[in-house]
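Reader: I am new to this structure and would like a close look at a single part of it. Please take one residue, describe its surroundings, and then place it in the whole.

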Amino acid sequence: MITTAIQRGNSVYVYEKSRILFTRIGELVGFTSSTVSIKRNRTIYVYNERGGIISTHLV
């Protein structure tokens with residue numbers, strides 16, 4: 001379960017409580033308890049709580 005996602009510089013850190021689940025380079029768009037959306041260039045990547053890409057969207 002994702003409890004928070006934080007933008008630090010050009011990286012997004014995704015946490016479950018105090019444990020880092022994964023990090024990705026890009027701009028944080030938003031998150032839920034099961035997904036994180038991160039924008040890189042002209043694409044938004046939606047990741048699951050394991051850091052796997054579940055969808056992409058061109059913007």
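Author: Histidine 57 touches Arg42, Thr43, Ile44 and Val46, leaving aside residues up to four places away in sequence. The model is a predicted one. Histidine 57 belongs to strand β7. Its relative accessibility is 41%, so histidine 57 counts as partly exposed, a class that lies between buried, under 20%, and exposed, over 50%. The side chain of histidine 57 is also joined to the side chain of serine 55 by a polar contact of 3.2 Å. Lysine 39 is 18 residues from histidine 57 in sequence, and their C-alpha atoms are 9.2 Å apart in space.

The strand that holds this residue is part of a sheet. Four strands make up this open sheet, in the order β4-β5-β6-β7, and they pair antiparallel. The edges are taken by β4 (27-31) and β7 (53-58); each has a single partner strand, so one side of each has no neighbour in the sheet. From one strand to the next, the twist averages 20 degrees. In general, the strands of a sheet pair through backbone hydrogen bonds, in parallel or antiparallel fashion.

Further into the order of strands, β5 and strand β6 (residues 43-48) run antiparallel and are joined by six bridges. Threonine 35 is found in β5, which covers residues 35-40, and it stands opposite asparagine 48 in β6. Threonine 35 has a relative accessibility of 18%, so it counts as buried, the cut-off being under 20%. Leaving aside residues up to four places away in sequence, threonine 35 touches Ile2, Val46, Tyr47 and Ile54. Val46 is thus named among the contacts of threonine 35 and also among those of histidine 57.

The protein chain as a whole has seven strands and zero helices, and from the N terminus on its elements run β-β-β-β-β-β-β. Its radius of gyration is 10 Å, close to the 10 Å that the globule rule gives for 59 residues, so the protein chain is as compact as a globular protein of that length. Along the principal axes, the C-alpha atoms fill a box of roughly 30 × 25 × 15 Å. Of the 59 residues, 31% count as buried. The protein chain exposes about 3800 Å², of which carbon and sulfur atoms supply 50%. Among contacts between residues at least 6 apart in sequence, 17% join residues at least 24 apart.

Note on methods. Residues numbered from 1 in each chain as written. Predicted model: local features only at pLDDT ≥ 70, side-chain atom pairs only at ≥ 80, totals over all residues. Heavy atoms only, no water. Helix = DSSP H or I, 4+ residues; strand = E, 2+ residues; numbered from the N terminus. Buried < 20%, exposed > 50% of the residue type's maximum accessible area, 1.4 Å probe, protein only. Contact = heavy atoms within 4.5 Å. Pairing = 2+ DSSP bridges. Axes fitted to C-alpha atoms, helices over the stretch in contact; angles between N-to-C directions. Rg over C-alpha atoms; globule rule 2.2 N^0.38 Å. Areas by Shrake-Rupley, 256 points an atom, 1.4 Å probe, with all protein chains shown as cover. Polar contact = N/O pair within 3.5 Å; in protein donor to acceptor, adjacent residues only side chain to side chain.
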